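Work through the two exercises below with the sequence and the model at hand, and try each task before reading its solution.

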Amino acid sequence: MSGVVIAGAGPTGLALACGLAGAGVPVRIVEKRDGPATTSRALGLQPRGAEVLDRLGALADLPERSVRIARVVTHVDGRPMADLRVGRPTKLVTRPGLLMSQTEVEAALRHRLSASGIEVEWGRELLSVAQDASGVTLSFPGERIRSSWLVGCDGAHSRVRKAAEIGFPGVSVIENFLLADVQADLPVPPDTVSVWLRADSMLGAFPLPGDRVWRLMAPARRDDTSPGDEDVVGELTRLLRHHAGLDPSVVGTVLWSSRFRIHRRLASTYRRDRILLAGDAAHIHSPFGGQGMNTGLGDAENLAWKLALVAEGTAPASLLDTYEAERRPLAREVLASTSSLTRLVVGDTPLARAARDRLFVPLMNRPLVQRLIWEQSSQLRIHYRSGPLGTRLTERRALGAPRAGDRVPDVPCTRPDGSSTRLHAELGARWALLVPVHGDAEAYASVAGRHVGTVVPLTAAVPSPARRRHTMLVRPDGHLAWRGSSTAALDTWLGSRLGTTTHRTPEEQDT
């Protein structure tokens, strides 16, 4: 029997497989396609998405091969009205936003997975799924697989979700959207996203790696009833002339074009017994804001360490309920925010367009608004304080101290042997302890290790006042699990919150 089977080899499924493999969990990843995708709709990594890949050891040279976005310039009726600086570092966000094809992200994840001895099983179409108390049976043409757990990362039309009879309610936000990747001579800086708005028409141009490569995207006209992709490029070049006054001849080679319908849907649950959902199988929404692939990567990282503990028999299956409790509310927020942004940008009514052009677009020039937009879209504000593993109201904490569920920044650290490292470089498949300079690192690591496996004790190179007297246990996904000043309290927290079983040594059992 396989430990975990993942259906779907997109970014979410691959990231989940990397996380599980790194934790030593037997995993298989199956994909109905015959090979890797050569085109994709997703085109960017937000700073949090880059952090996830970094912790998984899959970021590699993607930042060097991507386009680092410095600004988003919005034009209204042909005139530049807002210059949103999204590449400027803030106290929270130190990484830039990266534009690249989703296929590049998938390739990096496959390379990392291959280093763990696991390859994607291509051409494996899932026909049926049946689960019982002890496992899941998956049927493929000519073969049946028995697995302890099944995770559906197989997209918006997920066969796993349908087999588990999990609802996927939602609505269509806009009927059709057009997009194309082209080689073009656009009079736009190569680190700038340009958006043109005029009445109820919109066009976006996104720079991509390569020789003058751009992604053009726009909503289809309401009277456009064409079912195919043939007229996509013609309409997009028409919009270039309409909005920017550019002759269609500026567009040369067409690399890829498509049309798609935007939906807003959220799975009614992320888990049905031994079947779980992640990524587009659990939630789909508008591409505005570039949150889709990054939200799926966050799902994968959150689920990986929890499923690893359960699959190893260290924690009860009830720990998996915290995955939905932490991630589904975030997906609901992303659905709401991206849908609102879509309606705002497109301008459904004359009143909405007036508010957009005269109020919201000019507001984007204000430094405070720019910082709030950039930090929110970066996904680095995400926290799990109110979740079942967060800080309870009855728990005392120092004013300004980090709370359980907070994201812990990637601080410089020192290993016990005196060598330098980064916090996030030590995570991924492991937990980390940030121990005060004179703290008993070995004792804390011993207690934590009995509950969760591999734990790395570290000392923060520049400890904050909140860390000087307390030890911090950091989850593999970079969020604070526990903060305190005694090994007994740590032992109690791990047993009560994670439900983990302490593996005591024979000597300890005799005492």
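Two strands are taken to pair if DSSP finds at least two bridges between them. The model is a predicted one.

**Exercise 1. Determine which strands pair with strand β5, in which direction each runs, and how far β5 is enclosed.**

Solution. Begin with strand β12 (residues 192-198), which is joined to β5 by six bridges and runs parallel to it; within this pairing, V73 stands opposite S194 of β12. Turn next to strand β6 (residues 79-85), where six bridges to β5 are again found, although here the two strands run antiparallel, and H75 stands opposite P80 of β6. The hairpin that β5 and β6 form has two residues between the strands, and in it D77 takes a positive phi near 55°. Finally, consider burial: in β5 (residues 71-76), five of the six residues are buried, and the strand is therefore largely enclosed by the rest of the structure.

**Exercise 2. Establish how many disulfides the structure holds, and explain why C18 does not bond to C153.**

Solution. Recall that a disulfide is a covalent bond between the sulfur atoms of two cysteines. The cut-off needed for this step is that the two sulfur atoms lie within 2.5 Å. A search of the whole structure under this criterion returns zero disulfides. For C18, the closest cysteine sulfur belongs to C153 and is 12 Å away, which is too far for a bond. As for their surroundings, C18 counts as buried because its relative accessibility is 7%, and C413 likewise counts as buried, with a relative accessibility of 2%.

Terms used
Residues numbered from 1 in each chain as written. Predicted model: local features only at pLDDT ≥ 70, side-chain atom pairs only at ≥ 80, totals over all residues. Heavy atoms only, no water. Buried < 20%, exposed > 50% of the residue type's maximum accessible area, 1.4 Å probe, protein only. Helix = DSSP H or I, 4+ residues; strand = E, 2+ residues; numbered from the N terminus.
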